[in-house]
Amino acid sequence: QAQLDKFGENSWETPFAIIEDVNKSGLKKIYSGYGDMPPFAKGPDSSKIYDADGYTTYLPKTFPKLDYIDRCYVVGEVGLGDDQSEGEF
């Protein structure tokens, strides 16, 4: 909780989920080797992401292992289907 209390101090820090057990979630598979954005680490430069070719050229060529979240669900609102398990969320 102490870490969450600091989120939102900067405009790019927008928490969108709380994961109760990371080891049982799909987030464990997300590549984290690039680290934070400059100047703190060697991750993507936010000023380049929003260039005209940021998503199509800069990110894929400079950060080929970068993972993307293309959707998320509030499980309590959509429920789990018969063919889904909590581990998928």
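**Exercise 1.** Where is the place of V22 relative to α1 and α2? Locate the residue in this predicted model, then classify its exposure.

*Solution.* Begin with the two elements concerned: α1 spans residues 2-6 and α2 spans residues 46-49. V22 belongs to the loop between them. Next, take the relative accessible area of V22, which is 40%. Buried means under 20% and exposed means over 50%, with partly exposed in between. V22 is therefore partly exposed, because its relative accessible area is 40%.

**Exercise 2.** Identify the residues that form a nonpolar surface patch with V22, and give the area of the patch.

*Solution.* The patch comprises V22 together with I19, L27, I30 and I69. Its area is about 380 Å². For the surface as a whole, the chain exposes about 7700 Å², of which carbon and sulfur atoms supply 52%.

**Exercise 3.** Describe the secondary structure of the chain and the extent of its burial and long-range contacts.

*Solution.* First, count the elements: there are four helices and zero strands. Read from the N terminus, their order is α-α-α-α. Second, consider burial: 11% of the 89 residues count as buried. Third, consider contacts between residues at least 6 apart in sequence: 27% of these join residues at least 24 apart.

**Exercise 4.** Determine which helices mark the extremes of confidence in the chain.

*Solution.* Start from the overall level: the average pLDDT is 79, and 70% of the residues score at least 70. Then turn to the elements. Confidence is highest in helix α3 (residues 54-62), at a mean of 95. Helix α4 (residues 75-78) has the lowest confidence, at a mean of 64.

Notes: Residues numbered from 1 in each chain as written. Predicted model: local features only at pLDDT ≥ 70, side-chain atom pairs only at ≥ 80, totals over all residues. Heavy atoms only, no water. Patch = residues over 30% accessible without salt bridge, like charges linked within 9 Å, V, L, I, M, F, W, Y side chains within 5 Å. Areas by Shrake-Rupley, 256 points an atom, 1.4 Å probe, with all protein chains shown as cover. Salt bridge = Lys/Arg side-chain N within 4 Å of Asp/Glu carboxyl O. Buried < 20%, exposed > 50% of the residue type's maximum accessible area, 1.4 Å probe, protein only. Contact = heavy atoms within 4.5 Å. pLDDT = per-residue confidence, 0-100.
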